[in-house]
Each structure stands twice: as C-alpha cells, then as structure tokens.
Amino acid sequence: MRTPHVVVVMGVSGTGKSTIGPLLAARLGAPYAEGDDFHPQANIAKMSAGIPLDDEDRWPWLDAIGAWAHERTGLGGVVSSSALKRSYRDRLRAAAPGIVFVHLAGDRELIESRMAQRQGHFMPTALLDSQFATLQPLQADEAGVAVDITGTPEEITARAVAALDALDSTSPSAP
C-alpha cells in the first residue's frame, strides 16, 4: 500500500485551484485546505487593492501552508497555493519533503475570461500579468505534473488523477 501524497494544486490566479483542489481531494479520499485561508489579512488587503505581494509577504503564508502539509505527511491531503516560483516550492518541500505538485496550466486568455466571471474573489484580473511574469513552471527534478485546464472541472480533475497515477508508477518508490 502506498503512502498518500500531500498534493499542492498550483498555478496562477484563475486556473481553478479552489475548484479543482476539493474535487481532487474527494477523488483521492483526502482532506482539502484552501490556500487563500492561510494568507494573513494584510496580504488579502494588498491584493484586493491591486498590489502584488512580494516575497516578504509570501514567506509567512508559505510557512503556514508548509506546516499544514507537514502535519498531513503520511496521511495525504490537498492544498491550493499559487507556488509560482521554484523558491516557493522549495520552501514548501523543506517543510514537507514528500509533497507533490499539480500545476494547473492554461493560456492567458482562458484564465482571464474565467477570472472576469468569478464573484467575490479578492484577486483582481489586473494582477494576472504579474502572476505570469513570476511563474516558473515545474522543473524536471521537481515531483509534480502539469495539467491542462481546458474542459470541465471534472475533466480537469480526471486528468490530474491520471497524471498523479502515472507519476506514481514511474517513481522509484512505486510498488
């Protein structure tokens, strides 16, 4: 029996992390944690005002997510986090070394149209360009998969599960 992963659903704002995360958690039989809930109020106020976060703003947020992931090590779980830079993912891995990333990836036009349709979210469309400028896709030495965000949430989730299963089957620790 394999040890359940802690999965970070990552990507720029508007890729569907808060939609796909709970669906993926349900498919994996693991709890879900909304990454936005780990932000201190000062971060939410900055983003709501259209001001991008800097690394100093992000460290406490990433540390809180990392602490949650660490507590779930060996138990499994799914958490959302933009995790845009390699250094952010490295910080999460330092807290929870077995973490696996699912990068929700899509083109800017699709993401912007989805952002324009959502209600009650603090992240304005104006910050999308800064997110794409910051994004460093997963590298070959990082445990994770990229998943295309076209289609329905159920289709995207199914692709994520299949990609994670394929990752497990190629892992040296797979049974």
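Me: Why is D55 called partly exposed?

Reply: This is a predicted model, and in it D55 has a relative accessible area of 24%. Buried means under 20% and exposed means over 50%, so D55, at 24%, counts as partly exposed.

Me: And what makes D55 and K85 a salt bridge?

Reply: The closest N and O atoms of K85 and D55 are 3.3 Å apart. The cut-off is within 4 Å, between a side-chain nitrogen of Lys or Arg and a carboxyl oxygen of Asp or Glu, so K85 and D55 pass. The pair links distant parts of the chain: D55 sits in helix α3, K85 sits in the loop between β3 (77-80) and α4 (86-95), and they are 30 residues apart. As for K85, its relative accessible area is 22%, so it is partly exposed.

Me: How do you know that K46 and D57 form a salt bridge?

Reply: Check the N to O distance, which is 2.6 Å for these side chains. The limit is 4 Å, so this pair counts. K46 belongs to helix α2 (residues 41-48) and D57 to helix α3 (residues 55-71), so the salt bridge ties together parts 11 residues apart in sequence.

Me: Which of the two, K46 or D57, is buried?

Reply: D57 is, because its relative accessibility is 16% and the cut-off for buried is under 20%. K46 comes out at 23%, so it counts as partly exposed.

Me: What makes R89 and E142 a salt bridge?

Reply: Again, look at the closest N and O atoms: they are 2.7 Å apart. That is within 4 Å, so the rule is met. R89 is in helix α4 and E142 is in the loop between α6 (128-134) and β5 (144-148), so this pair ties together parts 53 residues apart in sequence. R89 and E142 are both buried. They also belong to one network, in which salt bridges that share partners join R86, R89, D90, R93, D141 and E142.

Me: How many salt bridges are there by this rule?

Reply: The count comes to 13.

Me: Why are W59 and Y88 called an edge-to-face pair?

Reply: By the ring rule there is 1 aromatic pair. W59 and Y88 form it, with 5.7 Å centre to centre and 85° between the planes. Centres have to lie within 6.5 Å, and planes over 60 degrees apart count as edge-to-face, so both values fit. W59 lies in helix α3 and Y88 in helix α4, so the pair ties together parts 29 residues apart in sequence.

Me: How do you know that W59 and Y88 are buried?

Reply: W59 has a relative accessible area of 18%, and Y88 has 1%. Buried means under 20%, so W59 makes the cut, and so does Y88.

Me: What makes the buried residues of α4 line one face?

Reply: In α4 the buried ones are R86, Y88, R89, L92 and R93. Down the axis of the helix they fall within an arc of 160°, so they line one face. Their cover includes β1, α3 and β4.

Me: Why is strand β1 called mostly covered?

Reply: In β1 (residues 6-10), 5 of its 5 residues are buried. V6, V8 and M10 point one way, and V7 and V9 point the other way. In a regular strand, side chains alternate between the two faces of the sheet.

Me: What makes β2 and β5 edge strands?

Reply: The open sheet has 5 strands in the order β2-β3-β1-β4-β5, with parallel pairing. β2 (32-33) and β5 each have a single partner strand, so one side of each has no neighbour in the sheet.

Me: How do you know that β1 pairs with β3 and β4?

Reply: Pairing needs at least two bridges. β1 and β3 have 4, in the parallel sense, and V9 stands opposite S80 in β3. β1 and β4 (residues 100-105) also pair in the parallel sense over 4 bridges, with M10 opposite H103 in β4.

Me: Why is V145 called buried?

Reply: V145, in strand β5, has a relative accessible area of 11%, and under 20% counts as buried, so the label fits. Beyond its neighbours within four places in sequence, its contacts include F101, L138 and L167.

Note on methods:
Residues numbered from 1 in each chain as written. Predicted model: local features only at pLDDT ≥ 70, side-chain atom pairs only at ≥ 80, totals over all residues. Heavy atoms only, no water. Helix = DSSP H or I, 4+ residues; strand = E, 2+ residues; numbered from the N terminus. Buried < 20%, exposed > 50% of the residue type's maximum accessible area, 1.4 Å probe, protein only. Phe/Tyr/Trp six-rings, centres within 6.5 Å; stacked < 30°, edge-to-face > 60°. Arc of directions from axis to C-beta. Contact = heavy atoms within 4.5 Å.
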